[in-house]
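Here's a quick tour of a protein model, written for someone just starting out with structures. Have a look at the picture first, then read on.

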Amino acid sequence: MGNDGGSIPKRRELVKDAARAPTVSELKATAHESLNHAWTHDPLTSELLDLENAVSDWRGRLYNYESILKGLMPGDSDDTKTTESANGESPEATFASTGIKSLRDIVKLKVKWYTSPGTKEKGIWACPVTLKELGASTKSVYLVPCGHVFAETAIKQIHEEVCPECSEPFHSEDIIPILPTEKSDMERLAARNEALRAKGLTHSLKKDKSSSKKKRKADEANGTRSATGEEDTAKATPKSATSHRVSGINNAMTASLTAKVLAEQEERNKRRKLVAAGN
């Protein structure tokens, strides 16, 4: 090689294209794809997200209500508990990583479905004020405690802190961005969660029962009774109480999903016992 007027390429010249940093447009496309996946898939099961039965935690993450019910059911340890995926994909997160301890830690979302004129099949989930389609392309928020979902621009336009859909009042700190990507939004949500915990409240603004139990146990350890005078009720729930738990739920959708989850869990327990007996 040589004396032919050419040159030998150096290694850095050969690999510069492979090692180059992604462009701004490529980074935006990747971020949009990731956000679109979070809008359409449950991170606990990797299954499609049903916005009609979707819930959110204090971070603004979206889940199927059924997967949260399964995670809250007793049985597996919190460290290893995962929900089963029907499509065989591995879940993106474990239930323990969500920090959800009860249904009070989530808010049921109320999303509007709009159909195209003249057809019932085609439609979109959209903001009831701006009619913008909800998803990765629209920065969206929901209100606590009512759970109604809007495009962020719609909430910025209203002059009173009253939900445009149900007229329930709310505070500015209870406007929760859905799947936030900006650091300022994440920091605000973390600060809000800490402030609520300090007040003994949950994300849904309901009283945190776990904090009351901890206080009662601490009082009992010191030889004192709780101010409410209630007896310690931390007893194992008998199997016969399953039907009572379901029948005591007023919301029809919640009762139906709970009954379904309980039946699936009972079936799994039976299979495990059979396998254990066979071994």
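Before we go anywhere, one term: a pocket is an open set of grid points with protein on both sides within 12 Å along at least five of seven lines. Keep in mind, too, that this is a predicted model. The protein has 279 residues, and 32% of them are buried. Its folded parts come to eight helices and eight strands.

**A pocket to start with**

- The second largest pocket holds about 460 Å³ of space.
- Its lining is made up of 21 residues, and the closest to the centre are Leu35, Ala38, Arg61, Leu179 and Pro180.
- Two elements, α2 (24-40) and α5 (183-198), each give two or more residues to that lining.
- Which element gives the most to the lining of the second largest pocket? That's α2, with six residues.

**The overall picture**

- The accessible surface of the protein adds up to about 18,300 Å², and carbon and sulfur atoms own 52% of it.
- Now take the contacts between residues with a separation of 6 or more: 52% of them join residues 24 or more positions apart.
- Here's one pair to find on screen: Leu262 and Lys70 are 192 residues apart in sequence, yet their C-alpha atoms are 8.2 Å apart in space.
- Leu262 sits in helix α8 (residues 252-278), and Leu262 counts as buried because its relative accessibility is 8%, below the 20% cut-off.

**The nonpolar cores**

- In soluble globular proteins, nonpolar side chains tend to be buried together.
- The largest nonpolar core here has 29 residues, and those with the most contacts inside it are Trp39, Leu62, Tyr142, Leu143, Val149, Phe150 and Ile178.
- At least two residues of this core come from each of β6 (140-143), β7 (149-151), α4 (152-157) and β8 (175-177).
- Apart from this core lies another one of 13 residues, among them Val55, Tyr63, Leu69 and Phe95.
- What does Val149 touch, once you leave aside neighbours within four places in sequence? Val149 is in contact with Leu109, Lys110, Val111, Pro128, Leu134, Val141, Tyr142 and Ile178.

**An enclosed helix**

- Helix α3 (residues 65-72) is largely enclosed by the rest of the structure, because six of its eight residues are buried.
- The buried residues in α3 are Tyr65, Glu66, Ser67, Ile68, Leu69 and Gly71.

**Around the β6-β7 loop**

- His148 is in the loop between β6 and β7, and His148 is buried, with a relative accessible area of 12%.
- Not counting residues up to four places away in sequence, His148 touches Lys110, Val141, Tyr142, Leu143, Cys163, Glu165 and Cys166.
- Pro145 is also in the loop between β6 and β7. The peptide bond leading from Val144 to Pro145 is cis, with omega near 15 degrees.

**Cysteines without a bond**

- A disulfide is a covalent bond between the sulfur atoms of two cysteines.
- How many disulfides turn up in a search of the whole structure? The count is zero.
- Cys163 is in no disulfide, and the nearest cysteine sulfur, that of Cys166, is 3.6 Å away.
- Why no bond between Cys166 and Cys163? Their sulfurs are 3.6 Å apart, which is too far for a bond, because a disulfide needs the sulfur atoms within 2.5 Å.
- Is each of these two cysteines buried or partly exposed? Cys163 is buried, with a relative accessible area of 2%, whereas Cys166 is partly exposed, with 33%.

**Unusual backbone angles**

- Most residues other than glycine have a negative phi, and most peptide bonds are trans.
- Ser46 isn't a glycine, but it has a positive phi of about 65 degrees. You'll find Ser46 in the loop between α2 and β1 (54-56), and at 3% relative accessibility Ser46 counts as buried.
- Leu179 isn't a glycine either, and it has a positive phi of about 50 degrees. Leu179 is in the loop between β8 and α5, and Leu179 is buried, with a relative accessible area of 12%.
- Leu179 should ring a bell: it's among the residues closest to the centre of the second largest pocket.

Key:
Residues numbered from 1 in each chain as written. Predicted model: local features only at pLDDT ≥ 70, side-chain atom pairs only at ≥ 80, totals over all residues. Heavy atoms only, no water. Core = buried A, V, L, I, M, F, W, Y, C linked by side-chain atoms within 4.5 Å. Buried < 20%, exposed > 50% of the residue type's maximum accessible area, 1.4 Å probe, protein only. Helix = DSSP H or I, 4+ residues; strand = E, 2+ residues; numbered from the N terminus. Contact = heavy atoms within 4.5 Å. Areas by Shrake-Rupley, 256 points an atom, 1.4 Å probe, with all protein chains shown as cover. 1 Å grid on protein atoms, 1.4 Å probe; cavity = no way out; pocket = protein on both sides within 12 Å on 5 of 7 lines; lining within 4 Å. Points joined across faces, edges and corners; volume = space filled by probe spheres on them.
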